Amino acid sequence: MFMRPLRCLTGSSSELTCSPERRRDGGARPGPVGAVSPGRGGLLSARSLLNSINRADGKLSISMVASYLFNRIKRIQPLHLFILCFTTGLTSLVRGGPYWFQIMKTMTDCKTYWWGNVLLISNILPTPSKCIPWAWYLSLDFQCYAATPLLLYFYKLNKGVFAAVAGGLMLMTIASGAITTALLQLPVFQPLSGLNLDYMLYYYVKPYTRYGPYLIGVLNGIYLTTKKDPVVKHKWQAALCWFCCLSLLAVVVGLAYVLKEEPTSLSLPHAFYQGLHRSLWALAVTWIIVACEEGYGGFIKSFLSLGFWLPLSNISFACYLSHPIFHHHLYGPSRDPDPLHRLKL
């Protein structure tokens, strides 16, 4: 499931039974949560696997890793592959229209690149053609998820080695995003005026430009699982952290508008922003999770813990995978010059 109430993620022991996503051992059951937030995905994967390691006397075995990966595949692939087959099958049965060529391209791409979805590597294929292209995030999320056992192996082996590896990975993902943006003169987001293929192909969907938030989530998961004392001990410290968190979120959003123009030459501001903004956003969200865990969440924790999030969480994964099908078959046959105007409502 994509969303879970926050009390089921970080609450007290009395709150850990509020969601079916909690296992009987108290660990977080890994799910495709990463499609909403890579930071939360990393947190849950690290917390779940670390709890399993602790129950096994601190040993990370090959069978444990195999079970960890198989459970993930078992949860995401049945619906993912069903949508793949359903999309290609339905397309051949529905009438065409002026915009139908886009849907036909998806069906053609599925005949050629279906194996990328099966192997969960569609995001790293060196081509803009993808089968059900909106599912690229499942591949990215699984690749990040599969790296967690290695990180926790280093964590259990030697804390100094783990710090060096984690720091190196963070520097790598920041540098790769910045360098890719600088060399290809990429915008900070996909321009509305047209599709920038380099932005999607070399930056937006790649694990080496997106791993930073997931890594921050893993570090947060390790902290929440192993902490003995709260990191914030006074209310003034919590207030300062909230101020920094909200300020950081505002700066990340604001700079996107300042840098909204597509660069025509090498632009250092665009490069630095692209290298840092996802990790900075994840860092701010990490404080929100920690604050709720340590009793400084206030009304935010209360709101995120409301029960009405549960039914939404139960359908969010299916909605993510299926909603583009309805979009395509709504505007594909349309003869409107602006076929999406009905969707804008």
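Cys 144 is buried, with a relative accessible area of 5%. The model examined here is predicted. Three further cysteines were assessed in this predicted model, beginning with a bonded pair.

Cys 110 and Cys 131 form a disulfide. Their sulfur atoms lie 2.0 Å apart. A search of the whole structure finds 1 disulfide. The bond joins distant parts of the chain, its two cysteines being 21 residues apart. Cys 110 belongs to helix H4, which spans residues 100-118. Cys 131 lies in the loop between H4 and H5. The torsion about the S-S bond of Cys 110 and Cys 131 is about 85 degrees, so the disulfide is right-handed. Cys 110 has a relative accessibility of 4% and therefore counts as buried. Cys 131 has a relative accessibility of 1%, so Cys 131 counts as buried too. Cys 319 is partly exposed, with a relative accessibility of 38%. The value for Cys 319 falls between the cut-offs of 20% for buried and 50% for exposed.

Charged side chains were examined next. The count comes to 1 salt bridge. Arg 72 and Asp 141 form this contact, with the closest N and O atoms 2.2 Å apart. The salt bridge also links distant parts of the chain. Arg 72 is in helix H3, residues 62-91. Asp 141 is in helix H5, residues 136-157. The two residues are 69 residues apart. Both Arg 72 and Asp 141 are buried.

Arg 72 takes part in a contact with an aromatic ring as well. The charged end of Arg 72 sits over the ring of Tyr 145. The distance to the centre of the Tyr 145 ring is 4.2 Å. Arg 72 is thus described by two contacts, the salt bridge with Asp 141 and the placement over Tyr 145.

Aromatic side chains were then surveyed. The whole structure holds 12 aromatic pairs. One aromatic cluster is formed by Trp 136, Tyr 137, Tyr 199, Tyr 203 and Tyr 204. Within helix H5, residues 136-157, lie the cluster members Trp 136 and Tyr 137. A charge also meets this cluster at Tyr 204. The charged end of Arg 210 sits over the ring of Tyr 204, 4.4 Å from its centre.

Notes
Residues are numbered from 1 along each chain as its sequence is written. This is a predicted model: local features need pLDDT of at least 70, side-chain atom pairs count only at pLDDT 80 or more; totals for chains, interfaces and linings use all residues. Side-chain values use heavy atoms; hydrogens and water are left out. A salt bridge is a side-chain nitrogen of Lys or Arg within 4 Å of a carboxyl oxygen of Asp or Glu. Helices (H or I, at least four residues) and strands (E, at least two) are DSSP runs, numbered from the N terminus. Buried means under 20% relative accessible area, exposed over 50%, partly exposed in between (1.4 Å probe, protein chains only). A disulfide is a pair of cysteine sulfur atoms within 2.5 Å. Rings of Phe, Tyr and Trp (its six-membered ring) pair if their centres lie within 6.5 Å; planes under 30 degrees apart count as stacked, over 60 as edge-to-face and the rest as tilted. A charge sits over a ring if NZ of Lys or CZ of Arg is within 6 Å of the ring centre and within 35 degrees of the ring normal.
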